[in-house]
Amino acid sequence: MDIKMNVNHLPALTYRFLKANDSEIDLKDLYIEDTKTPEPENIPSSVTVKSDLSEDDVKEIFLKVNEKIESKKADLPGPNGDTAPLNDGQIVRTGMGAAVDNLMKEMNVPVTVYTVSEGYKTEEPVVVKYSLKNGSCVLGSQVIHAKKNSEITVIMEYDSEENAKGFLGIQTRLLAEEGAKINLIKVQMLSEDVMHFDDVGGICDDNADIETINMQLGAKDTWGGDRITLLGDKSIYNNHTGYLCRHKQTYDMNYVADQIGKKTESNMIFRGVLLDEAVKTFRGTLDFKAGSAGSVGDEQEDTLLLSPDVINRTMPVILCQEEDVDGRHGASIGQLGDDVLFYMESRGIDEEEAKRLMIRARMESIARMIPDEAMIVRIQQYIRNIL
Amino acid sequence: MSENEKAVVDIDRSVYDIKDVENEQDFYRMEDGFTEDIVMKISEEKHDPEWMRKFRLDCLKLYNSLDMPPWGPDTDELDMNLISSYVRSKSDMKGKWEDVPEDIKNTFERLGIPEAERESLAGVGAQYDSELVYHNVKDEVSDQGVVYTDMESALTGEYSEMVHEYFMKLVPPTDHKFAALHGAVWSGGSFVYVPKGVKVDIPLQSYFRLNAAGAGQFEHTLIIVDEGADLHFIEGCSAPKYNVANLHAGCVELFVKKNARLRYSTIENWSKNMYNLNTKRALVEEGARMEWVSGSFGSHTSYLYPMTILKGDHSQMEYTGITFAGKGQNLDTGAKVVHQGKYTSSLISTKSISKSGGIGTYRSSVVINKEAKHAKTSVSCDSLMLDSISRADTIPGMDIRTDDADVGHEAKIGRISDEAVFYLMSRGLSEEDARAMIVSGFANPVSKELPLEYAVEMNNLIKLEMSGG
């Protein structure tokens, strides 16, 4: 089959010449051979797993929160160039948008649902590992449902055989009910000949919390998007993303925090390194909806450019329909500072080694947040190998 | 606190809103719409050279073929079939103020234009609807070789070759739909040439008044500041409010040659029925500096993003802007910069205020090309929300194509801080005064960049008085 779809729509369009309003995935002659989510290595007793569920089942899971979203909609104009209507009809708004839903439906991809029981906090993470064989094309869809006052940590690891060619497309939807917490960790260490997308959408009810950590280290072309709807009062979304792009790798991402409830908090941190002829497009949006009084949002992007041939596009958007909010964005993009290099050289470290050190330091500052020592070691090894 | 206490009073526009009736005896008005016949008639009216006549017709074809951008404010209520492209007084342009027709003179006197000329300007151009009605430059400035004239005279007179060389080369008609429309029906505007090494100590000003209901204004401003020269040019705009849409699709092309400096200041106060779809662009050569100071207060709808191309090595730009979006307004403003030369630098600093349902959007782009080694850019945009029925959006974009660049960006959206109000109240200010003082302070980085007279005008425009409870 061929996949041709537009994803990662910027929530409010801007100049066309920047070529960042969306991104096209155009893949030909894929044979999707697997659509089942691999079984986790261990399943904590408080977690139930249901496989082979349909989109109607997913709709049922999100029914109550979607009714709440509808009830909070204000009759006020959207931003100029509003792209929200393009993704109407999604059960859960995701970073990459409705095109991924349509693909999953077209391919009849079954949904695996992980549910943690009310009041339970899982001690051990649920680890889901996709290991791609050479030539394989895989789609997968999961829902992580944390019931009231529960907590779950899910680690999703994507790797492949060395020099494998293939395709991996994943959609993960999250529901954190009142007082619940979902920690979602994604580590992507695919071969440089794999095409990959990873689409995330989540809804947080009152006092709920979604924390995501993304490590994007491999693949040829990667599309990623997270869209978290902070529906409930005092709900929280924290994201930490680290990425390393080299050779001719591309990474196209779209992160959105929709802040609807009162006193919500979002905090998004992105640390990346671009080498060789890598191309990165970052879209990050804080969207303070009417009624989100007392909410705060912050997004910080720090990108290290280490080759004259890289391309870095950054689209940091803040949309605001509420007076009583505090939204901030900061970006710092450039080379290693002369002061850093001077310090390193004064310690006997040459420029090349200094760059390697700084790359490792950036990536590991995100990786160290993963609550799995073995995973951290694998990431460190992967980075050492590619450097 | 009651809603009444929180309210910020709307801008007092009374002086701008006085309508001067234009009768058929004194004014010529082209029929509404944009057709080949109309473009030909405008060309005949203006005694265009052949190349310009052909250029206009090509632009009209282009206009009809281009779409509206999908990203900006809605323009569905702008019916182009109800806009007249050309309205002019039957009186010719005058070089003496006393010769200007009485009704037009009264309009500009109410706006303080002749007074400003006497006190603080080196020259003034005053455009009324589609044509300049008055143009004058002080002798000491013209004696330095500075040329400041209307575009039509430049097009057919001594500077015709220069106009042909530069006209719509920086803003090509292919740029967007309304740039093409401008090319087809442009009329009026100013031509300025500052010779090498000449520093014009006091500013030149053009003032644009669109008085006719349902009309469009399409003035073209072309400024060439030659090597080592220095100029401050001020542009003011206003119109009375009508119940039908008016359109402004002007075009400003600025050429800043080696080691020259140009400051271009604008106080835009179009009425709230105006669609302001304006294009401004500067080409900055080696060691030169472009400074923009921009205040956007009027218009129903604005698309305004002055663009700077830093072509030469060591060239610089600075953009300081404020936008105030009130009831019924959708003001989409910002800046664009392209770094092409080495060691170029840009600094963009904007403020945006939204109130009473107004939509204020800050939109920008920073492009650093592969050749622009050692480029530096810093972008800062602050938005202030004065209530919860308005919108304040920031949509910046950066495209960086070299590692040898230093890029900094920060954006903030928020409200008037309760702590700041409390602090000022603890010093004896009333709550209303405290809020007004905070908002004035927010706008201060822009007003301090303007000459005193214009800073006062801007502060008058903001008029952030708090109503007592």
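This briefing covers chain B of a predicted model, its contact with chain A, one pair of its helices and one of its residues, B:Val367. Chain B contains 13 helices and 25 strands. Of its 469 residues, 57% count as buried.

**Chain B as a whole**

- Contacts in chain B often link distant parts of the sequence: among those between residues at least 6 apart, 83% join residues at least 24 apart.

**Where chain B meets chain A**

- In this contact, 42 residues of chain B touch 43 residues of chain A.
- Four strands of chain B each supply at least two residues of the side that touches chain A: β22 (359-368), β23 (375-385), β24 (391-400) and β25 (405-414).
- That side of chain B is made up of 17 nonpolar, 11 polar and 14 charged residues.
- Strand β25(B) also pairs with a strand of chain A, namely β20 (residues 325-334).
- The pairing of these two strands is antiparallel and runs over eight bridges.
- One of the bridges joins A:Arg328 to B:Lys412, which belongs to β25(B).

**Two helices of chain B: α3 and α4**

- Two packed helices are described by the angle between their axes and the distance between the axes.
- Helix α3(B) covers residues 36-45 and helix α4(B) covers residues 50-65.
- Their axes come within 10 Å and cross at roughly 155°.
- Angles over 145 degrees count as roughly antiparallel, so α3(B) is roughly antiparallel to α4(B).
- The crossing of α3(B) and α4(B) is right-handed.
- On the α3(B) side, the contact is made by B:Glu36, B:Val39 and B:Ser43.
- On the α4(B) side, the contact is made by B:Met52, B:Arg53, B:Arg56, B:Leu57 and B:Leu60.
- Sorted by class, the residues of this helix contact are four nonpolar, one polar and three charged.

**One residue: B:Val367**

- B:Val367 lies in strand β22 of chain B, and β22 is one of the strands that supply residues to the side touching chain A.
- B:Val367 has 22 other C-beta atoms within 10 Å; because 20 or more are needed for a residue to count as buried, B:Val367 is buried.
- Leaving aside neighbours within four places in sequence, B:Val367 is in contact with B:Val338, B:His339 and B:Asp399.
- B:Val367 and B:Trp186 are 181 residues apart in sequence, and their C-alpha atoms are 30 Å apart in space.

Notes
Residues numbered from 1 in each chain as written. Chains lettered and ligands numbered in written order. Predicted model: local features only at pLDDT ≥ 70, side-chain atom pairs only at ≥ 80, totals over all residues. Contact = placed C-beta atoms within 7 Å. Nonpolar A, V, L, I, M, F, W, Y, C, P; charged D, E, K, R; others polar. Pairing = 2+ DSSP bridges. Axes fitted to C-alpha atoms, helices over the stretch in contact; angles between N-to-C directions. Parallel < 35°, antiparallel > 145°, perpendicular 65-115°, else oblique. Left-handed = near helix turned anticlockwise from the far one by under 90°. Buried ≥ 20, exposed ≤ 12 C-beta atoms within 10 Å, placed from the backbone.
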